[in-house]
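Here are a few short exercises to work through with the model open beside you. Try each task before you read its solution.

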Amino acid sequence: MSLFSSREWWSTRLGTAEEFDQGSIAIANIDNDTNGNAKIITGSLQGVLRVHLPHQRGYHVEDMLLETELERSILQLAAGNFLGSSSICLAVLHPRKLAVYALQAVGSSYLQHSKIYEHHLEHTAANMATGPFGGIAGVEHIVVQSYDGQLTFFEQEAMAFSRFLPSFLLPGPLAYAAASDSFITSTAGLELVAYKYSNLAAASGSKEQQQQQQQQQAGGPPAGAVSGKRIQADWTVVLGEAALDIRTGRITANTRADAPADILVLAEHTFFVLNLRGQLLLQRRLDYHPACCWPFPAGPDSSSSSSATANPNQQQQQRPPENLLVATHTKALMVYRGQELAWAARLEMLPVAVRVAALEGMQGMIVALDDTGKLAVLYLGSEPPKQSVSFAESKQLDYAAMEAERKALLTQIKAAGGAGWDPAAAAPAAAAGKGAAAAAKDLVLRAQVPSRLDDADRIVREGGEGPPGSNADGVAGFGAAGGAAAAGVKQLTVTLLLSNTTKSSMKVVACYRSADKQLQCSQLALQLPMILFCQVIPPVKSAEYKVTVATNRDAAQLVALFGDMLVQAHPAHAEALSRSQAANVMSFHFGGGQEVTILVSKNAGRYRLQADSFAAMWLVLQELSRRLAGHFAAAEAKPAAAQQQQQPPPFSITFDESLPLQDVFELVDRHFALRAALAAANEALEQREVQFRSVQKRLLVRYKDRNAAPLNQLDVLMEETYDQILDLATQMEQLQAELLAAGQALGAGVQLLLLLTRFRFKLAAEEFELLRCALSPVVLEGPEVSWEETTEAAMTHLLRSALARSAKDAAAAVPPLAPAADTARLKKHISLVLERLSKGMRLVAGSSSNNGGSAAAVAAH
Amino acid sequence: MVADVHPIWLAQSKLRRRRYDECIQLCTDALQRNPVDQVAWYLKCRAITLKSWIDDTEIEEEGVADLLMDEHNVAQVARPGTSLARPMTGAAASGQSPVVRPMTGSGRPLTGFVRPGTSAARPGTGSTKPGTALAAALKAARPGTGSSSSSRPLTTSGRFVRLGTASLAAAGHGGPFIAAERLDLRKYAARPHLARVLCDYILYVDHNMQKVLELAGHATAEAGFADWWWKERLGKAYYQLGLLRDAEKQLASAAKNQDMLVLTHQLAKISTRLDQPLAALSLFSEAAGRHPGDIGLLLGQARLQEGLGNRQAALALYHQVLALDASNVEAIACLAADHFYSDQPELALRYYRRLLQMGVVSAETWANLGLCCFYAGQYDFTFSCFERALALAGDAALPDIWYNIGQVAIGIGDLSWAQQCFRLAAALDPGHAEALNNLGVLQLKRRQPQQAASCFRAGMKAADHVFELHYNAALLAHRQGDLQEAVSQVKEALALYPEHTDSLELKKLLKAQLNAL
C-alpha cells in the first residue's frame with residue numbers, strides 16, 4: 001500500500017525460461033574502465049553470464065556488453081579485488097567450481113572474458129562470501145560454503161584451508177563482517193551464529209576430529225585432552241525465524257562516531273539489527289513478506305539536510321546512517337531510515353535481488369532483478385500509481401431515460417405493496433385490501449398563527465390521531481408564553497385524521513393565552529372538500545334509489561361544477577370528461593364502496609341522482625345544491641350590472657315528488673333492530689357470565705374440599721359456557737360495528753330527508769335549522785336511550801308546540817324519556833310532522849303564510 | 001534444463017522465493033530417492049509450515065465454546081475504563097457519545113479498521129447483562145443465517161483446524177506428511193535443528209497443542225530453560241489450549257531471557273483476552289520505552305485506547321504511527337473515522353482519498369468516501385461514490401452501504417427513497433438493527449404505528465446494543481398511551497446509554513404522568 005509507484009528508467013528481459021536467484025547479480029566497474037562506470041553483471045542458473053551498461057532511458061542493443069555461456073549453473077556472482085592488483089575481477093560460483101574471470105573491453109562496444117584461475121570443489125557449493133579475511137589489505141579472499149557445512153577458504157590461486165562448521169544441517173546465508181573479522185550465518189535451528197576468522201583458522205581441520213568433538217559434546221562435558229582447537233561460535237542468538245538475507249551496514253543512527261557496521265538480518269517476518277557482539281539493537285515486525293533487502297548510503301542531500309544542519313562539527317567523523325531498501329512479495333519497495341519508513345513505492349515486478357548503484361553518473365538508481373529474468377533500473381518518482389481512480393464521469397447521463405426508468409420502477413414497487421412494509425406481517429396484501437375500503441384520509445389544515453403567539457415549532461402536543469371510529473377531530477395545542485410583538489403571520493400545518501364521513505363540515509377551535517394571561521379562543525367552521533370523501537369514476541348504472549330535483553335555471557355543466565373532483569379521478573377518465581364538456585352524467589365512488597350518479601336533463605334544468613344506496617346520496621345532493629347556488633350566483637353577478645332592469649327570480653331548487661319516507665323508515669328499522677339484537681346479546685352474555693361464575697364457584701368449592709365429590713361434568717359445563725361467552729363476545733363486537741354503520745347510514749338518510757324536505761316545502765334557513773335540530777342527523781348511541789327516543793321526544797314536542805293544531809294538542813302530557821318498544825310511534829310522528837308542514841304550517845311565526853294559529857309556541861322551543 | 005544444480009539448493013532457493021509448491025515437489029522427489037534425507041525433510045516441513053502460517057499475535061475471535069468455558073473472569077463488575085466491555089462514555093471520558101458514533105454489534109465504539117475481534121462481543125464479564133455476549137454468539141453461529149460477518153467459530157482451535165485441513169489437502173498426499181502422534185518427541189527435542197521446524201509444523205499445520213507442549217517441554221529442558229523461543233512456543237500452545245495463566249508465566253519467563261517484540265505482543269494479547277486492557281497498555285508502553293519508534297507497539301496501544309474510549313490518546317498514538325510510517329492503512333482509516341464522527345467530514349474525506357490513492361480500493365472505502373462527500377457538501381461526487389461501492393460490495397458489505405445510502409436519502413429529504421434503502425438493508429441482513437430502527441421511524445412518520453412498533457421489535461430481537469430502538473419504542477408506546485411499556489423501554493435505553501438526554505427527559509415525563517394517575 002503506497003501512494004507512489006516506482007518509475008522505470010531502463011529494463012530488459014534476460015534470455016527466455018532462465019532462472020535467477022538472490023546472488024545472481026553484481027554491480028561493479030568490472031572492466032576497470034577509467035571513467036568508472038558501473039556495469040550490471042547477471043548470471044542465470046542456466047549458466048549464462050551477461051554484462052549490461054545502460055546508457056540512456058530505454059533499452060538499446062548496444063547496452064549489452066557481454067553474453068556468454070559458462071556451461072555450468074551460476075549460483076552466485078561476486079566482484080572484487082581477487083588478484084592482489086588493484087583491478088576488479090569477477091568470481092563466479094558454480095555448483096562444483098569456483099572461477100575468477102577478468103573482463104576487458106574490446107573497443108567500446110563489448111567485453112571479452114578470460115579465466116584467470118579456477119578451483120574445483122569437493123563438495124556441492126551453496127554460497128560464498130568475499131572480503132579481506134584476517135585483516136589483510138589490498139586483496140579480497142573468497143570463502144565457499146558447501147552443503148555439508150564445509151567452509152573452504154581461497155586465497156587467490158591457492159586454497160588456504162577448509163573447516164567444517166559444528167552441528168550443521170543446512171547452509172544459511174553467509175556474510176562477512178570486516179570490522180570484527182567474523183562470519184555470520186544462520187543455522188537450521190533458526191539461530192544466528194558468528195564465527196571469528198581467527199578461530200576458524202586456528203581450529204583443527206579434519207572432519208573426523210570435529211565429529212569426535214561433536215560426539216563428545218553431545219554425550220557429556222567435553223573431555224579436556226583433545227588435540228587441536230574446536231571451532232567455537234563467537235556468539236549465538238536465537239532469532240526464531242529463518243534468515244532470508246544477511247548484510248552489514250550502518251542502520252542505527254545514534255551509535256558512536258567510530259561505531260562499526262551493524263548486522264542486518266532480514267528474516268521471514270521480522271527485520272533484525274544486531275551489533276557485532278550479537279546484541280539485538282532493533283527489531284521491526286513486518287506486516288508483509290519480504291523478498292530481499294539492500295542497505296545503501298543515504299544520498300548527500302539527505303545527510304546534509306538531516307544531520308549536517310544539526311551537528312556540522314560531527315559530520316566529519318560520522319558517516320550518515322545508511323538507508324535500507326526492502327522489496328516485498330506484495331510488490332512494494334520500502335525505504336527505511338532507521339525506524340522510520342521514509343518512502344514506499346509500488347513495483348511492477350517481484351524482485352529476488354535489489355541493488356542501489358550509480359549508473360551513467362546518476363546516483364541512487366535501483367537495480368532490480370526478478371526470478372524470471374527481468375532486469376530493471378528504477379527510480380523513485382513521485383508519480384502516483386497508474387491505476388489511480390478518477391472521479392470524472394465521462395459518459396453523458398440521459399436524464400430523461402433515467403427518470404422514465406425510475407418511474408417504471410416506482411410503479412413496480414407500488415404494485416408489489418411497497419406502500420407499507422412490516423417485517424412481521426404475514427399477509428400484508430390481504431390486510432391492505434381490507435384496509436383500503438375503510439381507509440381514512442388525511443386532511444392537511446393550514447392555520448395561520450400570528451407571530452405574537454409563540455413559535456410554531458413549540459407545539460406542546462400534536463394530536464389528531466383519533467382512534468378509528470371516533471368522531472374526534474384533532475386537537476392541536478401550542479405552547480403560549482407571551483410573545484414577541486413582531487408583526488406578521490406564521491404558517492402552521494396541523495394534520496388531522498378523519499374517520500367519519502357523516503359530516504361535511506368541521507370546526508377548528510384554537511385556544512391560546514394572550515399576553516395578559518387571558519385564555520382566549522377563536523373558532524372557524526369550514527366546509528370539508530368533497531374530494532375527501534369520494535372520487536369520480538366512469539359512469540355506472542345503479543338506479544335502486546332515485547331522487548330528482550328541479551331548478552328554475554338552465555342546466556349547468558357538470559364538469560364545470562365538479563371541476564375540482566377531476567384532479568383525483570383516474571387520468572384517462574378525467575381526460576375524457578374534460579374533453580366532452582357537455583357530459584351529462586357523472587358518477588362518484590365513495591370510500592365505503594357506494595356509488596352515486598348524477599344525470600342532467602339539459603332542457604328542464606333537472607338533476608337526477610341515482611344510487612345503489614339511499615344514504616350515500618345526501619352528500620352528493622348537498623354538494624350539488626351548494627355548487628349550483630354558488631355557480632348561478634357567480635354567473636349572475638357579472639351581467640347584473642349591465643341589465644338591472646331584468647331581475648330574475650332568485651335561484652331555487654325544488655323537489656316535487658313525494659318524500660322518500662319509506663326509505664328513511666327502513667333505515668330506522670334496521671338501526672332499531674340492531675339495537676334490539678345488541679341488547680339481547682348483551683343480556684345473553686350477562687346470563688352466561690353469571691352461569692360461568694357460579695360454575696367456577698362450585699368447582700372451587702370442590703377443589704378446596706379435602707375429599708371432593710365427583711365433578712359431575714361440571715368441567716364440561718364450564719368449557720361450554722366459556723365457549724359461549726367467547727362466541728357472544730365476538731357476536732357483540734360484530735353487532736357493535738354493524739350498529740355503528742347503521743347509525744351512520746341513518747344519519748345520512750336523515751340528512752337527505754331534511755334536504756328534500758327543505759326543497760319541497762321551500763323552508764327558510766332559520767326554519768330548516770329548527771327542523772334540523774328536531775330531526776337530528778347526528779346519531780348518538782346510548783345504552784338505553786338512543787336516536788329513536790330523542791327524535792320521538794323532539795317530534796312530540798314539535799307537534800305539541802309549533803305544529804299544534806288545537807289547544808288540546810298543546811296540553812297533552814309529555815311522557816318521560818324511556819326506551820321505546822318499537823318504532824311505530826316514531827314513524828307516525830315523523831310523517832305527521834311532515835304532513836303538517838306540507839299543509840303549510842310553519843315552524844317559525846313570521847314565515848307562516850296562512851294559518852299560523854299557534855306559532856307563538858315557538859318561543860318555548 | 002538446470003542440469004547440474006543440486007536439487008536441494010534449488011529447493012532452498014524456491015523456499016526463499018516463496019514458491020512453496022515447487023519446493024515441496026522437489027523435496028518429495030528427493031525423499032522418494034532417499035527417505036531419510038534430513039535436509040529434504042527439513043525443507044519440506046518448513047515449506048508446508050510457511051504455507052499455512054498465520055500471524056497469531058493479533059487477538060482472534062473467541063469461539064463459542066471458549067465463551068462457555070471461560071473461567072478467567074477477573075472482575076464481575078469492572079469500573080468504567082478498566083474493561084473493554086465497559087468503555088467510557090460521555091463527556092467524562094472525552095469519548096464520543098453513542099448518539100454521534102455508532103456502536104459495533106457488541107456495544108463497543110466503532111473503529112475505523114476491522115480487525116479480528118473488533119466486531120466480536122466480549123465475554124460477559126462486567127457487561128450489564130451477563131450472558132448476552134454468549135447468547136449473541138450462539139445466535140450468530142447458527143448456520144444459514146447468512147450474516148457471514150458475525151459468524152463465529154465454535155472453538156478458536158476450530159478455525160485453526162479448518163485452515164489446517166485445507167493446506168493438507170493442498171499438499172496432496174493422502175496421509176499427513178508428519179504424524180506427530182507416532183514420533184518420539186524426546187528424541188527430536190535433543191536435535192535442535194529439527195526440533196524447531198517440527199514444533200512449528202505441529203503448531204501451524206497439525207494444531208496438536210498437546211504434542212507441541214510435549215516437544216517444547218522436552219526441548220526447553222534440553223536447552224537448560226534459557227531459550228526464549230521454546231518458552232514462547234509453550235506459551236502459544238498454552239494460550240490455544242485456553243490455559244492463559246500458564247501461557248503468561250511462560251511468556252514472562254521468555255521475556256526475561258531475551259527482549260523480543262513478539263513476546264510483548266503475545267503477553268498483551270493474553271491480557272486483552274483476560275479483559276485487562278490496562279495491563280496490556282502498560283506492557284506496550286514499557287516495551288515502547290525500550291524500542292522507541294516501533295509502530296507495532298504504538299498501534300497496539302492505540303487500539304486498546306480506542307477500545308477503552310480514550311479518543312484523544314488513541315488519536316495521538318495514531319498520529320505518532322503516521323509520523324513513522326506514512327502509509328499505515330490502519331492509522332489513516334482510524335483517523336478518518338474519528339474525523340468523520342467528530343463532524344469534520346472534509347478532513348475525513350482527505351484521509352479516505354489518500355487511502356484510495358494508496359490502493360485500498362474496497363466497497364467500504366467508497367461508501368465512506370460517499371458519506372464524507374455528502375456531509376462535506378460535495379453532492380456531485382456522492383452518488384458516483386456509492387455507485388462504485390455497490391459495484392464492488394460483497395454480501396457482507398451491502399447492507400451497510402444501503403443503510404448509508406438511506407441516511408443520505410434522509411439528508412436530502414426523499415423519505416420514500418430512504419425507506420426503500422432501509423428495507424433493502426434489512427432484507428439483506430435481517431439483523432441490521434440500525435436499518436430497522438430508521439425504518440420504524442419512517443413508518444411512524446407515515447402514520448403506521450403498528451408497522452413501526454413491529455420494526456422496533458424486530459430490531460431489538462436482532463441486536464441489543466442500539467439504544468435508539470428502545471428510545472423510539474418508548475416514545476411510540478408513550479404516544480399510544482402504553483405507559484407501562486414506555487417505562488420499561490426507556491429503562492432499557494438508559495441501561496445502554498445512561499447519559500441519553502432525551503431518554504432522561506422522557507423518563508421524567510413518564511414519572512410525572514404516573515404520579516398524577
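**Exercise 1: a strand pair and its sheet**

Find how many bridges join strand β12 (residues 141-146) to strand β13 (residues 150-155) in chain A, then place the pair in its sheet.

Solution. Keep in mind that this is a predicted model. Start with the pair: β12 and β13 of chain A run antiparallel and are joined by 4 bridges. Next, pick one position along the pair: A:Q145 has A:L151 of β13(A) opposite it. Now widen the view to the open sheet of 4 strands in chain A, whose order is β11-β12-β13-β14 and whose pairing is antiparallel. At its edges stand β11 (125-131) and β14 (158-164) of chain A; each has a single partner strand, so one side of each lacks a neighbour in the sheet. From one strand to the next, the twist averages 20 degrees.

**Exercise 2: a sheet with mixed pairing**

Work out which strands are the edge strands of the open sheet β1-β26-β25-β24-β23 in chain A.

Solution. This open sheet has 5 strands and mixed pairing. The edge strands are β1 (4-5) and β23 (290-297) of chain A, each of which pairs on one side only. Then look at how β1(A) is held: 2 bridges pair it in the parallel sense with strand β26 (residues 340-346) of chain A. To locate a bridge, go to A:F4, whose partner in β26(A) is A:A345.

**Exercise 3: checking a helix**

Test whether the span of helix α10 (residues 228-241) of chain B agrees with its number of residues.

Solution. At 1.5 Å a residue, the 14 residues of α10(B) should span 20 Å, and the end C-alpha atoms are 20 Å apart, which agrees. Then consider the surroundings: 13 of the 14 residues are buried, so α10(B) is largely enclosed by the rest of the structure. Finish with the two ends. B:D227 caps the N-terminal end, with a side-chain oxygen 2.9 Å from the backbone nitrogen of B:W229. After the helix comes B:G242, whose phi is positive, near 90 degrees.

**Exercise 4: aromatic rings**

Identify the aromatic cluster that includes A:F133, and find what lies over the face of A:F768.

Solution. With ring centres within 6.5 Å as the criterion, the count over all chains comes to 24 aromatic pairs. One aromatic cluster is formed by A:F133, A:F153, A:F161, A:Y176, A:F183 and A:Y197. As for A:F768, A:R758 lies over its face, at 4.7 Å from the ring centre.

Note on methods:
Residues are numbered from 1 along each chain as its sequence is written. Chains are lettered from A and ligands numbered from 1 in the order in which they are written. This is a predicted model: local features need pLDDT of at least 70, side-chain atom pairs count only at pLDDT 80 or more; totals for chains, interfaces and linings use all residues. Side-chain values use heavy atoms; hydrogens and water are left out. The expected span of a helix is 1.5 Å times one less than its number of residues. Buried means under 20% relative accessible area, exposed over 50%, partly exposed in between (1.4 Å probe, protein chains only). A polar contact is a pair of N or O atoms within 3.5 Å; within protein, one must be able to donate a hydrogen and the other to accept it, and residues adjacent in sequence count only if both atoms are side-chain atoms. Two strands pair if DSSP finds at least two bridges between them. Axes are lines fitted to C-alpha atoms, for helices over the stretch in contact, and angles run from 0 to 180 degrees between N-to-C directions. Rings of Phe, Tyr and Trp (its six-membered ring) pair if their centres lie within 6.5 Å; planes under 30 degrees apart count as stacked, over 60 as edge-to-face and the rest as tilted. A charge sits over a ring if NZ of Lys or CZ of Arg is within 6 Å of the ring centre and within 35 degrees of the ring normal.
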